[in-house]
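Biologist: I am new to this structure and would love a close look at one part of it. Could you pick a helix, show me what surrounds it, and then lead me outwards from there?

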Amino acid sequence: MQHRKERRAPPVSKAPASHLPANRAQFLYEDSDLIIVDKPAGLPVIAPEGSRTKTLYDIVTAHMQKTNPRGRAAVVHRLDRDTSGVMLFAKNARAKKTLMDNWNKLVRRRCYTALVEGSMPAECGTLDSWLIENRTGHVYEIKPGTRGALRAITHWKTIAAAEGAPYSLLELELETGRKHQIRAQLAAIGHPVAGDTRYGARTDPASRLCLHAHLLEFEHPFTHKVLVFESPVPKVFYQSENPGPHGRL
């Protein structure tokens with residue numbers, strides 16, 4: 001991980017340690033400008049064009065309209081449909097613009113937990129590569145500087161593994177935020193996220209993509225207070241078959 005200056009940790013808001021069904025979301029925080037939610041796996045943030053699928057955007061908008069019939073959620077970043085965890089919405093155009101115009105300055109940390117296939121080659125490291133998206137929406141690594149490619153940097157460390165285990169549990173921190181960044185980079189080094197058949201996973205131990213956004217730390221765009229929100233790692237990530245001496249992860 002990059003060296004960071006020591007600072008007093010701000011208060012953390014944590015979601016309850018429960019498994020969310022795909023049609024529900026846990027609201028973690030709300031003020032006049034922002035809403036923070038804990039997104040379940042299997043729920044898209046927005047619907048594909050022409051689809052009438054229920055989305056997280058619909059749920060958040062319906063929640064806002066209980067007190068403001070004209071309210072509509074504003075998407076400022078996304079999680080993949082099958083990724084769970086902490087996500088931020090703006091409640092008005094001013095908040096959306098301020099967040100999007102100053103995203104890299106305001107967002108201090110975005111951390112994920114992933115169950116990946118195989119044993120990682122070290123206890124920690126950094127994935128630094130260039131990614132590009134093809135016409136089907138698949139993201140893959142390409143030669144640095146290729147036209148249309150974007151540099152992606154992800155710091156990772158192993159937080160649970162046993163000798164001979166088929167999986168490793170990783171904590172990952174984004175330095176950049178590219179589409180499918182974690183999924184594409186882990187696949188490129190031969191350790192795809194478990195359950196991620198799109199990026200070459202051979203196993204599906206949890207019947208879902210084993211990727212979870214467990215922490216979001218950011219500076220409020222108007223009050224400038226530093227806010228931290230956490231979501232517990234799904235228990236199923238620890239319950240994969242593990243032949244190591246410590247049983248399951």
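Modeller: Gladly! Let us begin with helix α4, whose buried residues pack against β6, β7 (124–133), β8 (139–142), β9, β10 and β11. A word on terms: helices (H or I, at least four residues) and strands (E, at least two) are DSSP runs, numbered from the N terminus. Buried means under 20% relative accessible area, exposed over 50%, and partly exposed in between, with a 1.4 Å probe and protein chains only. A contact means heavy atoms within 4.5 Å.

Please keep in mind that this is a predicted model, in which local features need pLDDT of at least 70 and side-chain atom pairs count only at pLDDT 80 or more, while totals for chains, interfaces and linings use all residues. Residues are numbered from 1 along each chain as its sequence is written, and side-chain values use heavy atoms, with hydrogens and water left out.

Back to the helix. The buried residues in α4 are Gln181, Ile182, Arg183, Ala184, Gln185 and Leu186. That makes 6 of the 8 residues of α4, so the helix is largely enclosed by the rest of the structure. After α4 comes glycine 190, whose phi is positive, near 85°.

On the other side, the loop between β10 and α4 holds histidine 180. Histidine 180 counts as buried because its relative accessibility is 8%. Not counting residues up to four places away in sequence, histidine 180 touches Asp80, Gly137, Val139, Arg198 and Tyr199.

The loop between α4 and β11 contains threonine 197. Threonine 197 has a relative accessible area of 61%, so this residue is exposed. From threonine 197 to leucine 209 there are 12 residues in sequence and 8.6 Å in space, C-alpha to C-alpha.

Now for the open space around this part. The largest pocket has a volume of about 950 Å³. Among the 35 residues that line this pocket, Leu79, Asp80, Arg81, Lys179 and His180 are the closest to its centre. Two elements, β6 and α4, give two or more residues to the lining, and α4 gives the most, with 3 residues. By class, the pocket lining has 14 nonpolar, 9 polar and 12 charged residues. Here Ala, Val, Leu, Ile, Met, Phe, Trp, Tyr, Cys and Pro count as nonpolar, Asp, Glu, Lys and Arg as charged, and the others, Gly among them, as polar.

There is enclosed space too: a search of the whole structure finds 1 cavity of 30 Å³ or more, with a volume of about 50 Å³. The cavity is lined by His77, Val86, Arg110, Cys111, Tyr112, Ala213, Leu215 and Leu216. Both β6 and β11 supply at least two residues of that lining. On a 1 Å grid over the protein atoms alone, a cavity is a set of points where a 1.4 Å probe fits but cannot get out, and a pocket is an open set with protein on both sides within 12 Å along at least five of seven lines; lining residues have an atom within 4 Å of a point. Grid points are joined across faces, edges and corners, and a volume is the space filled by probe spheres set on the points.

Next, the packing. The largest nonpolar core has 38 residues, and those with the most contacts inside it are Leu56, Val60, Phe89, Tyr112, Leu172 and Leu186. Such a core is a set of buried Ala, Val, Leu, Ile, Met, Phe, Trp, Tyr and Cys residues joined through side-chain atoms within 4.5 Å. Helix α4 (181–188) is one of the elements that each supply at least two residues of this core, and so is α1. A second, separate core of 17 residues includes Val76, Ala90, Trp103 and Leu106.

As for α1 (residues 56–64), 7 of its 9 residues are buried, so this helix is also largely enclosed by the rest of the structure. Its buried residues pack against β2 (26–30), β3 (34–39), β4 (74–75) and β5 (84–90).

Finally, the whole chain. It has 4 helices and 12 strands, and 49% of its 249 residues count as buried. The average pLDDT, the predictor's confidence in each residue from 0 to 100, is 89, and 87% of the residues score at least 70. Over residues 1–9 the pLDDT is below 50.
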